[in-house]
Structure formats: C-alpha cells, structure tokens
Protein chains: 2
Amino acid sequence: MSAKEFPAPAAAPAARRSDTTRTAILTAARERFAADGYERATIRSIAKDARIDPSMVMRYYGSKEGLFAAVLDVDLRLPDPDGLDPHEVGRTLVGHFLDLWEENEVLTVLLRVGVTNPDGAARMQAIFRDQLMPVALRVCPDPEQAPARAALTSSQVLGMAMARYVLRFPPAVALPREEVVAWLAPTVQRYLTAPHP
Amino acid sequence: MSAKEFPAPAAAPAARRSDTTRTAILTAARERFAADGYERATIRSIAKDARIDPSMVMRYYGSKEGLFAAVLDVDLRLPDPDGLDPHEVGRTLVGHFLDLWEENEVLTVLLRVGVTNPDGAARMQAIFRDQLMPVALRVCPDPEQAPARAALTSSQVLGMAMARYVLRFPPAVALPREEVVAWLAPTVQRYLTAPHP
DNA sequence: CTGGACTGTCAACAACTGTTGGCCTACGAT
DNA sequence: ATCGTAGGCCAACAGTTGTTGACAGTCCAG
C-alpha cells in the first residue's frame, strides 16, 4: 500500500506534471493529521494548506481514508537485528526511536490516530509486530518470550513518545535527549535481554 | 468542576427524579468516549445508548464539552505518599494503576482524548502533575529531580496502558497481570528512587 | 494546427453534526 | 382535585463534512 498514483499508468513511475501538487497535499495532510488527528483534520483544511481545491485530494487519493493510508506509509528503519550488539540493543533502540520521532511527524500521526481510529490501531499493531518483533527475536534469550518482551519494549518507547511529543508533559519535554537515553536504555535492555523476573 | 447538576438548586444535593437519567447519560458517555474518542462519539449515539433524547444531554450537561468535562472528573486515588514503603513504591504504583485501568474506562477516555483534544491533553497534564508528583516528591532522593522522575514513571505507566488497553497489542494483552507488575515494578522503582544514572 | 488527455476550479449535493425551542405528560405539594 | 413544575420527546435549525460532476485552461503528440 505505498503512496503511489491512483489512475495508475501500467507501472511507469514517469514524472508527472502534478507531482508537486501530490506531494504538497501529502505534506499538508501529514501536518494536519499530526496536529489534529484523523477526525478533526478536514479535507478542506488540508486542501487550503496545500493551496489547492479539496476536489484534488479526492482525485489523487480517492478518499480521505486513501489519503490517510498514503500518509501512514511508515518504515521504522530499525537497524538490522543481525548487525547489532546485543549488549547495546537498549541504547541503540531508544536512540533510534528518539531520532525517528524528532525527524518528522509521521509517528505522531500514527500514535494520535492509532489511539482514535481502529484502522490506525491495526496499522500500529502491524508496524510494531513486523518491525520490532524481529529485533526481539534476535536478542532475547528465549524466542518464545519474544512477543512479550517486544510488547514491554514498545510500551516504554511509546509511553515516552506519548509524554514527550504528544501530551508534552513539561518535565518530559525538558529532559535532555541524552538523559532520556540514559534512563530508558537500561529499561529496554532489561526488557529484551534480562532473564524472566 | 465536579459532575454535579446544572440547574443547580442552591446547594442541595437532594435526590432528583432525573438522577437515573443523568447517570445513564454519564455511563453511556463514558463508554462512547472510551470507544470512539471525543469527535466520533456523537451526542446522538450517546443518547441512543442511554435510551433518551439527545436534547436531554443538552439540558443536563449544557453542551458536548460539558458532558465531556463531567466524564473526565478523574481521581487517581493514589495512595497517601506518607503511608507507603519507599522500597515498594514501584510495585505499589504499578499495581494501583493496573487496578484503575481495569476497573472502569475513565482512564481510557482520558488517554484517548488527551491524545487528540488539546483540552484533554491539558487535563491529563494536570492530573499527573497534581496526583503523581506528590508521590515522586516524597520518595525520590532529590526533590529537584522529582518532576523528571514523575515524568519517567508516567511514561512507563502510560505506555503500558496504551499497549495493553488502547492499542491492544496482543502480547501486551496476553501478559498476566502479575507478570506486568513483575516487569514494570523494578522500572518504576528505579525511575523514582535509583540514583541519577 | 488540432485532438485528446491532464490539471485545476466552482458549485452543489446529501448526510451528519451540535444545538434549540415548543409541546406534551406526570408527578407532588397544596 | 388542581396547578406549577420538572422530565421527556419531537421537529427543526444552521453549519460542516466528505464527495461528486460539470466546466475551463494547458500541455503535448499527431
């Protein structure tokens, strides 16, 4: 479900005259979805941000849900499980997620919408299952425990993202990045590699 | 802003004939807000659940936001900071929050709406500030670090609630209660009492 | 130059929203 | 028994939403 064209000319990714409009819509949609969530982000407001007519959104993305799906095309780009040091996996993951969250708003969209929209929740489940689980499978002692350990890890990572980037708890926002890593890395490390308590 | 009557007869909490309707509305609203979030939970659907007319909601709670505020009257009922064992604070808090989350849907409402609605986020900030901070102030070594430690604690607690009760990650749901406590308690204990890393 | 496809605008639709006011009913004090 | 009042329902409002179709300008191949 990649964010491609809709009229779909066979399989030619030839540059189109309307590509600038397409990406303008996508950018505006990402910002609006991140700021307002799925329901409150209206097609009209997105269109106004992108300086185009609301009907263009329909033409290029079919529907609001289509646009939404295009925005939610997320790749966590987690490091290759085989290539990472099992003793540093906590620090590595926490740092990587902080990077992801700060580089753009896609994950904010995902979180904000995953909480309200059932499809969003399913998408979020899929992303964490497909992308975080392999890492857990690689580094945790007993493969059978991998799902639980991945869930624990995601809970801490999501929770910090929630407090810091979505709810913006002042102390969580004020915490310097390296301190967040210093506090969270041992937690994640323990969730993934420590013996079952 | 307690969930009281609206026409407000002086200050008499006398039982009213309409109290059953009022609580029916409040219960239905809590469920609908929890299930659908603020925007998608319509007054009409809440009224239908409560088997009354939509206009009754307006009469008793003034507006959708008024109803929402009544639902969000949350008391975490955290244990008295003075009365708890500093060495068991992690286990105590995690257990308490799991209880809270499972006993009714208010916290789900709060979380779901805090993520989408700015007012909800402010409400959530206030709740955690007013109710979790005192505990942190009591048990953490340096009072100056209390806000950061409270934020860290809330991140882990919120994250688990998110994964387990909102997004419903299957492995997080499957985890037995005592295992959640066993994994999270040391984390919270460390966030609150361990020396700064 | 001409045809057709592409890009864009405008106006309108139908559905749904929160909200309001009028009206009827039934209780409870007098 | 009566009468004020609180409880409840109905119909309608104005605004907003996603979505659609007709229409106009623009590009490029023939």
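**Two chains, one axis and a pocket**

Trainee: How many salt bridges are there between chain A and chain B?

Mentor: This is a predicted model, in which local features need pLDDT of at least 70 and side-chain atom pairs count only at pLDDT 80 or more, while totals for chains, interfaces and linings use all residues; side-chain values use heavy atoms, with hydrogens and water left out. A salt bridge here is a side-chain nitrogen of Lys or Arg within 4 Å of a carboxyl oxygen of Asp or Glu. Between chain A and chain B, the count is two.

Trainee: Which residue of chain A meets B:Arg40 in a salt bridge?

Mentor: Residues are numbered from 1 along each chain as its sequence is written, and chains are lettered from A and ligands numbered from 1 in the order in which they are written. The pair has an N to O distance of 3.5 Å. The partner of B:Arg40 is A:Glu39.

Trainee: What area do chain A and chain B bury between them?

Mentor: Buried area is the accessible area (1.4 Å probe) that two parts lose on being put together, summed over both. Carbon and sulfur atoms hold 70% of it. In chain A, A:Val115, A:Phe169 and A:Trp183 lose the most area to chain B, together 19% of what that side buries. Between them the chains bury about 4000 Å².

Trainee: What kind of axis relates the two copies?

Mentor: Superposed by least squares on the C-alpha atoms of residues with pLDDT of at least 70 in both, chain A lies on chain B with an RMSD of 0.2 Å, after a turn of 180 degrees and a shift of 0.0 Å along the axis. The copies are thus related as by a two-fold rotation axis.

Trainee: Which residue of chain A comes closest to the rotation axis?

Mentor: Distance to the axis is taken at the C-alpha, and the closest approach is 1.7 Å. That residue is A:Gly159.

Trainee: Which helix gives the largest share of the lining of the largest pocket?

Mentor: Helices are DSSP runs (H or I, at least four residues), numbered from the N terminus. The lining has 19 residues, with B:Ala34, B:Thr108, B:Arg112, B:Tyr165 and B:Arg168 nearest the pocket's centre. Helices of both chains supply it, including H7 (118-139) of chain A and H9 (146-166) of chain B. The largest share, four residues, comes from H1(B).

Key:
1 Å grid on protein atoms, 1.4 Å probe; cavity = no way out; pocket = protein on both sides within 12 Å on 5 of 7 lines; lining within 4 Å. Helix = DSSP H or I, 4+ residues; strand = E, 2+ residues; numbered from the N terminus.
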